[in-house]
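Biologist: I am new to this structure and should be grateful for a close look at a single part of it. Please describe one helix and its surroundings in some detail.

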Amino acid sequence: MVIVMRKPELLIPAGSLEVLKTAVTFGADAVYIGGEAYGLRAKAKNFSMEDMAEGIRYAHEHGVRVHVTANILAHNEDLEGVREYLQELKGMKPDALIIADPGVFMMAREICPEIEIHVSTQANNTNYATYNYWYGQGAKRVVSARELSLAEIKEIRKRIPDDLEIESFIHGAMCISYSGRCLLSSYFTGRDANRGACTHPCRWKYSLVEEKRPGEYMPVYENERGTYIFNSKDLCMIEYIPELLDAGIDSFKIEGRMKTALYVATVARTYRKAIDDYLESEEKYRANMDWYRAEIAKCTYRQFTTGFYFGKTDENSQIYDSNTYVNEYIYLGTVSEVDEKGYARVEQRNKFSVGNRIEIMKPDGSNVLTTVLSLMTEAGEQVESVPHSKQIFYVQLDAETKVGDILRIEAPKQGSDSLNDMDCSRCIK
């Protein structure tokens, strides 16, 4: 069979209406969101039904698809609520539902047959027979298990119908579970990761305690560097767009429904440019590789790995000495209006002050260094800084800014006091 290279969809996560609009502005072909129940990110802000309706309407007005997660592994007590939820979604007309549970899948087929169903990675889709099974049930798309190599995905592509789509994660956090099916959180805290309440125990620091000596914590060393024995690096495939396309993947999926607008904008813009550059010419893609690497490193991350795509992971895929993020830039806010005097209206996400050198991140790929000339409250009072989270303010810069631009500032280096009295341990990540 001849493999035809497809134009991939760039699928971006959104945990709130603000982030959805950012994803649309910065290059998403599609966004995936969750409601307040039955998705796998209960700790995310998630969408009220009103916000979801507005988000779907906004995305469709801009030619962007919306996929809604309903991918818990349901228990009996969940089913009645799931049915009501699907009936509400039917009226909103999302483009697809992401489902893992076969029972929920059949309910969706019955209640909203006009909406595409995508089978979640949570269903452990590891072979072409599974893909063909779900195709026979009416699925439009199947999300590949994170444990598959590109060679395995390419083999699946050869053995499934051409109109059955493959969606694969290409960037974001990896965890210790098998395709998201984790039991640690439920055992340790009673919060079930498979019903959206993961507490991320794979990032915890573990010690050994002997039962007759409570309170004496003996360190567990996987090697001399540390004790974070379940702590994976983050997936990043920005350098392998040709290989992803060659494998026959239809949708490039970014992980992270709990991430900020800055993270989503950074990742969406970088992959958008990389994909478009490669489809234009491989030479252009190779020539811009340094820009992709530099930009993708401006989002929060835990060091990067290629996961399972080139074979089984090894000791180099783990982080042993820390569970914290690398955080090179800090999100200040998104421009929502610009008045006739050039003042930009922003909702504060982190403190900054008059005189700071900050960066305007634009959807077209450019970054503009600028100085904060003045700051003004909603009441028109001139102030030296904006210290309060979610405070509405107006900022005057020495460079042009437009609605949708993101304001960010380089994070202070260790030991630096260049950003006034900013305490980044309290920054919104």
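**Helix H1 and its neighbours**

Modeller: The buried residues of helix H1 pack against strand S1 (9-13), strand S2 (30-34), helix H2 (49-61), helix H9 (261-280) and strand S19 (406-410). The model in which this packing appears is a predicted one. Helix H1 itself covers residues 17-25, and its buried residues are Leu17, Val19, Leu20, Thr22, Ala23 and Val24. Just after H1 comes glycine 27, which takes a positive phi of about 115°.

Two of these neighbours are helices, H2 and H9, and each can be taken in turn. Two packed helices are described by the angle between their axes and the distance between the axes.

For H1 and H9, the angle is about 20° and the axes lie 9 Å apart. Because angles under 35 degrees count as roughly parallel, H1 is roughly parallel to H9. The crossing in which H1 passes H9 is right-handed. On the side of H1, the contact is made by Glu18, Val19, Thr22 and Ala23, and on the side of H9 by Ala261, Val264 and Ala265. By character, the residues of this contact of H1 with H9 divide into five nonpolar, one polar and one charged. Val19, Thr22 and Ala23, which take part in this contact, are among the buried residues of H1.

For H1 and H2, the packing angle is about 10°, and the axes are 10 Å apart. The cut-off of 35 degrees applies here as well, so H1 is also roughly parallel to H2. H1 contributes Leu17, Leu20, Lys21, Val24 and Thr25 to the contact, while H2 contributes Asp51, Glu54, Gly55, Tyr58 and Ala59. The residues of the contact of H1 with H2 divide into five nonpolar, two polar and three charged. Leu17, Leu20 and Val24, which belong to this contact, are likewise among the residues of H1 that are buried.

In summary, H1 contacts H9 through Glu18, Val19, Thr22 and Ala23, whereas Leu17, Leu20, Lys21, Val24 and Thr25 of H1 serve the contact with H2. The buried residues of H1 also pack against strands, namely S1, S2 and S19.

Key:
Residues are numbered from 1 along each chain as its sequence is written. This is a predicted model: local features need pLDDT of at least 70, side-chain atom pairs count only at pLDDT 80 or more; totals for chains, interfaces and linings use all residues. Side-chain values use heavy atoms; hydrogens and water are left out. Buried means under 20% relative accessible area, exposed over 50%, partly exposed in between (1.4 Å probe, protein chains only). Helices (H or I, at least four residues) and strands (E, at least two) are DSSP runs, numbered from the N terminus. Contact means heavy atoms within 4.5 Å. Axes are lines fitted to C-alpha atoms, for helices over the stretch in contact, and angles run from 0 to 180 degrees between N-to-C directions. Angles under 35 degrees count as roughly parallel, over 145 as roughly antiparallel, 65 to 115 as roughly perpendicular and the rest as oblique. A crossing is left-handed if the near helix is turned anticlockwise from the far one by less than a right angle, and right-handed if clockwise. Ala, Val, Leu, Ile, Met, Phe, Trp, Tyr, Cys and Pro count as nonpolar, Asp, Glu, Lys and Arg as charged, and the others, Gly among them, as polar.
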